[in-house]
Amino acid sequence: MKNIHIIFLFTFTFILSFNGFSQKKKQPNILFIAIDDLRGELGSYGSEIVKSPNIDKLSSSGVQFNRAYCQQAICGPSRASIMTGARPETINVIDLFQDFRENRPSIITIPQHLKNNGYETVYTGKVFHGQYTDEEMSWSRKAVKVKVGPNVPETDGGYALPENQLMYLKNKIALEEKYGEKVIRENWLAKGPETECADVPDETYEDGYNTLSAIATLNEMVKSDKPWFLGLGLLKPHLDWIAPKKYWDMYEESSIPIATQVNPPKDGASMGLSESLEVRVGADMPKTAEFSPELQRKLRHGYYACVSYIDAQIGKMVQALKDSGQYDNTIIVLWSDHGFNLGEMGYWGKATNYEMATRVPFIIVAPGVTDKVKGQQSDALVELVDVFPTLCDLTGLKQPEHLEGNSLVSILKKPSLQSSKPAFSVFPTPALREWAARPFTPPFRNSFFMPLIEKIEAKIEAQMGDKWNRKTFEKFVMGYAMRTDKYRIIIWKDRRFPDDTPLFVELFDHANDPNETVNIAAQNPKTVNELIALFNKTY
């Protein structure tokens, strides 16, 4: 009898083991958190001002990349690049009005690749940019639309406060009467105030609502056995700087420091910086005058309030994931499409080839891969174009042939590893293309920005001399930025003649000048030549 029991127990154990090995383990889910205009100023990145406890906690759960770079410091091209795994020039998306799918019809996106391999794919908020959301090919389902309570006020123009709604409406009417409805609409010139502090629930604004929608969608998808990719696109801290009052209350405005580096780089490219046009569109913003210290603190206060607002949404999303029981089988990727200058270099905006605009927060939590190194930070030079191949490796999927980045799995396993390549970013003539990264249209030129545009062009002409030609600089000049361990070089070229001598070169020594205050290219011709050779070899 004893032997029979032993044989039975052995047989039962063998059957259980066989069934366990024969069942295919579910592939990891992916929570893909995309943030708009978030610069590398967070608690986990060393800020003593910004309150970002949930992102900080996420960083302590995975690997944080301290030197991650976007491929172009503006929404559309950056997002098209990360989602396709190809550089902006490869997909011919270098402004906000180009469709990667029209330019490269057969290219495969991250969610499309996952969808084709059995994943449920869905998003809420802003993952791709604008209308180029690739609905048919990238997504397998729609997100759940949730109902909000009666205490959530309606917004008009994005504003919750009646006085701000009225300012928006009056400004819109006045501008349309002066310049015409079409000009105002196509150039996004009608806005209310640049900031709003309203005592309202989080879901009053899009990020709060989209997070609730993402959570509801998550709770539906976990009922299925299929792995899923859920994109949560957070709009803030993109302009306008609008957030519920409780997030403004987290900061004391009078104690918020403002930028101390208020001048463009010495001997830098005049074409490299615009005149803060995007911020100046606000109805309550100076159109040509300098920003006073009081205004700068107010704007920074608004930006930081928005950071804390989206940080809270991330906390809700991650907690919902934990509550769902799928946290331990879900890869979390958090990234920003580009950075943002808050007065540094005398500039307010993104749209440059400099460090502040191109360096982005980037965190990956990968169960089974980052468990032993969680909380560690990597100083390797990495790019957002590396995300696609990394997710392929983490999910065990074959990489599409068109990918231009490198998998970061080896760095995720050992964050002390160094980079195997530089990081690259591009931006076409920022001073003449800041607005949507496209050349200024004649109607835009004739708007209230005319004095600033004339000032910009005069600066470029004074610096470039006989090389100056408006059409050339508007349409064909590209700034190619390459970040190495020690240097940032920006090579300004006419794209039609890539083998010609550069029109201008900027070189910054990050070991001694991390804020990029002085262009040292003229004093270091040997270093410039070596870096240009490296660029030509690796870009």
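The legends below describe close-up views of a predicted model.

The model is predicted, so local features are reported only at pLDDT of at least 70 and side-chain atom pairs only at pLDDT 80 or more, while totals for chains, interfaces and linings use all residues. Residues are numbered from 1 along each chain as its sequence is written, and side-chain values use heavy atoms, with hydrogens and water left out.

**View 1. An open sheet of 4 strands, in the order β13-β14-β15-β16.** The pairing in this sheet is antiparallel. Helices (H or I, at least four residues) and strands (E, at least two) are DSSP runs, numbered from the N terminus. Two strands pair if DSSP finds at least two bridges between them. β13 (423–427) and β16 (504–509) stand at the edges with a single partner strand each, so one side of each has no neighbour in the sheet. On average, neighbouring strands of this sheet are turned by 15 degrees against each other, direction ignored. Axes here are lines fitted to C-alpha atoms, for helices over the stretch in contact, and angles run from 0 to 180 degrees between N-to-C directions.

**View 2. Strand β15 with its partner β16, and the helix that packs on the sheet.** β15 covers residues 487–494 and pairs with β16 in the antiparallel sense over 6 bridges. In one of these pairings, Ile490 has Glu506 in β16 as its bridge partner. Helix α20 (residues 525–538) packs on the sheet and touches β13, β14 (477–483), β15 and β16. Contact means heavy atoms within 4.5 Å. The direction of α20 makes about 70 degrees with that of β15.

**View 3. The buried strand β5.** β5 spans residues 228–234, and 7 of its 7 residues are buried, so the strand is largely enclosed by the rest of the structure. Buried means under 20% relative accessible area, exposed over 50%, and partly exposed in between (1.4 Å probe, protein chains only). In a regular strand the side chains alternate between the two faces of the sheet. Both faces of β5 are covered: one side has Trp228, Leu230, Leu232 and Leu234, the other has Phe229, Gly231 and Gly233, and all are buried.

**View 4. β5 with the partner strands β1 and β3.** Strand β1 (residues 29–35) runs parallel to β5 and is joined to β5 by 6 bridges. Phe32 has Gly231 as its bridge partner in β5. Strand β3 (residues 120–125) also pairs with β5 in the parallel sense, over 6 bridges. Here the bridge partner of Gly125 is Gly233 in β5.

**View 5. Two cis peptide bonds in the loop between β5 and β6 (241–244).** One cis bond joins Lys236 and Pro237, with omega about 10 degrees. Pro237 lies in this loop. Another cis bond joins Leu239 and Asp240, with omega about -5 degrees. Asp240 lies in the loop between β5 and β6 as well.

**View 6. Two residues other than glycine with positive phi, Asp134 and Thr429.** Asp134 has phi near 55 degrees and lies in the loop between β3 and α6 (135–138). At 12% relative accessibility, Asp134 counts as buried. Thr429 has phi near 30 degrees and is found in the loop between β13 and α16 (430–433). The relative accessible area of Thr429 is 0%, so Thr429 is buried.

**View 7. Ser276 in the loop between α10 (245–248) and α11 (277–280).** Ser276 is buried, with a relative accessible area of 3%. Apart from neighbours within four places in sequence, Ser276 is in contact with Gly346, Tyr347, Trp348 and Glu434.

**View 8. Asn103 in helix α4 (residues 100–103).** Asn103 has 29% relative accessibility and therefore counts as partly exposed. Its contacts, leaving aside neighbours within four places in sequence, are with Ile91, Asn92, Val93 and Gln98. From C-alpha to C-alpha, Asn103 and Thr90 are 9.4 Å apart in space, and they are 13 residues apart in sequence.
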